[in-house]
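Hi everyone, thanks for making time. Let me put the model up, and then we can walk through it together.

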Amino acid sequence: EKSEPLKIMISGAPASGKGTQCELITHKYGLVHISAGDLLRAEIASGSENGRRAKEHMEKGQLVPDEIVVMMVKDRLSQTDSEQNGWLLDGYPRSASQATALRGFGFQPDLFIVLEVPEDILIERVVGRRLDPVTGKIYHLKYSPPETEEIAARLTQRFDDTEEKAKLRLKTHNQNVRDVLSMYDDITIKEHRSKFTFKLNHSWYKPEEVLAQIDTTVSKLLQQRNTASSSL
Ligand code: AP5
């Protein structure tokens with residue numbers, strides 16, 4: 001019998017490496033990657049009124065209002081691929097009200113990952129980040145430079161990736177992070193497993209090393225689930 005699909009949330013400051021880890025985790029576990037920031041950027045690209053309003057907030061590093069974000073994420077989580085394969089939710093929830101809304105719709109994660117990285121490193125990562133519009137891959141001019149000249153020539157930068165805007169995003173993050181964490185601190189106590197809110201704060205690790213640590217936690221989670229279901 002196929003076990004329940006995995007449901008994971010990943011949280012962390014701007015440029016803490018959420019997108020990078022999501023690429024690696026989804027590749028390994030076949031989960032559907034749902035990034036609130038990517039959904040919003042797609043909405044902007046569509047030219048809709050919601051997209052226009054979202055951009056005004058994103059330009060200032062503020063949270064986009066719940067009335068735009070909540071249903072957008074809920075609809076994506078409710079699609080068949082997410083329900084069947086499991087999901088990896090990136091950059092949501094960012095406030096207690098967003099967490100409450102999702103819980104109200106019946107979405108609870110099995111694992112809540114928090115990436116913690118010191119602030120000076122975050123700014124360096126934001127400023128050096130580049131994106132490949134063809135493959136969607138995330139690069140860094142210093143830490144993960146493009147493989148070929150051809151890729152290097154087509155890299156783009158996000159509109160909110162300046163030092164000034166990153167500092168505003170960081171401020172918003174710092175104002176909300178504790179509220180969000182407190183909503184997931186007890187994920188497991190209720191379900192009689194060991195604790196599965198996982199904080200990782202070794203900023204000097206390479207992406208593959210961060211993945212290895214996440215992987216250990218995910219394996220442990222899967223093992224506990226198997227044990228729990230076989231003892232029923
Ligand atoms: P969003 O797009 O989610 O941006 P963010 O939270 O600021 O996070 P980033 O995408 O900047 O960083 P990341 O953690 O994914 O890092 P990455 O892997 O790219 O949100 C944008 C905006 O949308 C928000 O400001 C807000 O306005 C709005 N929004 C989004 N969600 C919302 C919500 N729920 N509610 C309301 N508003 C919302 O890595 C960064 C760089 O570092 C890369 O160059 C990478 O190559 C490099 N790097 C990664 N890992 C390592 C490593 N281990 N060592 C060295 N370099 C590394």
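Here's one to start with: which residues in helix 1 are buried? While you look, keep in mind that this is a predicted model. The buried ones are Lys18, Gln21, Cys22, Ile25 and Thr26. Down the axis of helix 1, these buried residues fall within an arc of 125 degrees, so they line one face of the helix. That pattern may look familiar: an α-helix has 3.6 residues a turn, so residues three or four places apart point the same way.

The length of helix 1 works out too. Its 12 residues, 18-29, should span 16 Å at 1.5 Å a residue, and the end C-alpha atoms are indeed 16 Å apart. Right after helix 1 comes glycine 30, with a positive phi near 65 degrees.

Now to the ligand. It has 34 residues around it, and the closest are Thr20, Gln62, Arg94, Arg129 and Arg169. Let's take some of the contacts. Threonine 20 places a polar side-chain atom 2.6 Å from a ligand oxygen. Glutamine 62 uses a polar backbone atom instead, 2.7 Å from an oxygen of the ligand. For arginine 129, a side-chain N or O atom sits 2.5 Å from a ligand oxygen. On its own the ligand has 1,000 Å² of accessible area, and the protein covers 96% of that.

So who builds the shell? Helix 1, helix 2 (36-46) and strand 6 (138-140) each supply at least two residues, and helix 2 gives the most, with four. By character, the shell splits into 15 nonpolar, 10 polar and nine charged residues.

That's my tour, thanks for listening!

Notes. Residues are numbered from 1 along each chain as its sequence is written. This is a predicted model: local features need pLDDT of at least 70, side-chain atom pairs count only at pLDDT 80 or more; totals for chains, interfaces and linings use all residues. Side-chain values use heavy atoms; hydrogens and water are left out. The expected span of a helix is 1.5 Å times one less than its number of residues. Buried means under 20% relative accessible area, exposed over 50%, partly exposed in between (1.4 Å probe, protein chains only). The arc is that of the directions from the helix axis to the C-beta atoms. A residue is near a molecule or strand if one of its heavy atoms lies within 4 Å of it. A polar contact is a pair of N or O atoms within 3.5 Å; within protein, one must be able to donate a hydrogen and the other to accept it, and residues adjacent in sequence count only if both atoms are side-chain atoms. Accessible areas come from the Shrake-Rupley method with a 1.4 Å probe; for residues, only the protein chains shown count as cover. Ala, Val, Leu, Ile, Met, Phe, Trp, Tyr, Cys and Pro count as nonpolar, Asp, Glu, Lys and Arg as charged, and the others, Gly among them, as polar.
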